[in-house]
Structures are given as structure tokens and as C-alpha cells.
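Visitor: Please pick one part of this model and look at it closely. I would like one connected account, with the cut-offs stated.

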Amino acid sequence: MNIEELRSYCIHKKGVTEGFPFGELVLVFKVLNKIFLLVNLDEYPLQFNVKCNPETAIELRETYPCVQPGYHMNKRHWNTVSVDQSVSDQLLKQWIDHSYDLVVQSLPTCHPG
């Protein structure tokens, strides 16, 4: 997965917007104004932060070397994923979906539309 594929996957989700609230190198994806993914455009290999439930976050870190505690994030709820070809794009998309779904579930009764 490269940055174009990552961006396309995220931006096509329901209710998603993108922007640069933390400077021109950090692309942020939000669903109804809540962040579900951040990516530093200046990193190689590509890395992104995704939200994760705490138990799953620990399990992923223990299972996959490319998953680390969220850099500059609440380490209990965020993971940093290095796109180093050690896991499939399908698995990366599952982690993105999990982050998106967690944020949507946390929203007040309205949902993206």
C-alpha cells in the first residue's frame, strides 16, 4: 500500500474528510470531525496511526512487529503501523476499518451520511 492507495481507501468511506490541522506533513482523516487516521507524509516507509480498542492494540503489537504504540498519541488507544510489506494490504485495510468503526460507534446518535 502506498500513500495514494491509503488516501483513496480512507476518503471513500462514508462521512470522511481530510485535512492538515497539524501542519503540511501530517494528513488527517476524520469522520464527522473525529480523527480515525493520521499519516506523516515525510516518513519512509509509510506509517500511519489508527485508533484501536486497548485489548486489540496490545495483541497486534505482540503479533506484528510493524505495529507499535501510537507515536504522539494515547498509547492505550492508538497504534502506529509501518507499511513495510510485512503484512498484506487486506490486513492494513482491516485495521483502518477497525479505527473508522470505533470512531463512528463513539459518535452521538447521528451517523455518517
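**From a charged pair into the sheet**

Guide: Glu18 and Arg7 form a salt bridge (a side-chain nitrogen of Lys or Arg within 4 Å of a carboxyl oxygen of Asp or Glu), with their closest N and O atoms 2.4 Å apart. Glu18 sits in strand β1 and Arg7 in helix α1 (residues 3–11), so the pair ties together parts that are 11 residues apart in sequence. Elements here are DSSP runs numbered from the N terminus (helices H or I, at least four residues; strands E, at least two). Searching the whole structure gives two salt bridges; the pair of Glu18 and Arg7 is one of them.

Some ground rules. This is a predicted model, where local features need pLDDT of at least 70, side-chain atom pairs count only at pLDDT 80 or more, and totals for chains, interfaces and linings use all residues. Numbering runs from 1 along each chain as its sequence is written, and side-chain values use heavy atoms, leaving out hydrogens and water.

Now follow β1 into the sheet. Six strands make up an open sheet, and their order is β1-β2-β3-β4-β6-β5. The pairing is antiparallel; two strands pair if DSSP finds at least two bridges between them. β1 (16–19) is an edge strand. The other edge is β5 (67–69). Each of these two pairs on one side only. From one strand to the next, the twist averages 25°. So much for the outline.

Next, the join between β2 and β3. These strands pair in the antiparallel sense, with six bridges between them. Val28 stands opposite Leu38, which belongs to β3. The hairpin of β2 and β3 has two residues between the strands. Leu32 lies in that loop. Leu32 is not a glycine, yet its phi is positive, about 50°. A reader checking backbone torsions can look for that positive phi of Leu32 in the hairpin of β2 and β3.

Stay with Leu38 and cross to the next strand. Its bridge partner in β4 is Asn49. Leu38 thus has a residue to name on each side: Val28 stands opposite it, and Asn49 is its partner in β4. β3 and β4 run antiparallel and are joined by three bridges. A helix covers this region too: α3 packs on the sheet and touches β1, β2 (26–31), β3, β4, β5 and β6. Touching here means contact, with heavy atoms within 4.5 Å. The direction of α3 makes about 40° with that of β4; axes are lines fitted to C-alpha atoms, for helices over the stretch in contact, and angles run from 0 to 180 degrees between N-to-C directions.

One more loop remains. The hairpin from β3 to β4 passes through six residues. Pro45 has its place in this loop. The peptide bond that joins Tyr44 and Pro45 is cis, with omega about 0°.

To recap the route: it starts at the salt bridge of Glu18 with Arg7. It enters the sheet at β1, an edge strand. It passes Leu32, with its positive phi, in the hairpin of β2 and β3. It then crosses Leu38 to reach Asn49 in β4. It closes at the cis bond between Tyr44 and Pro45.
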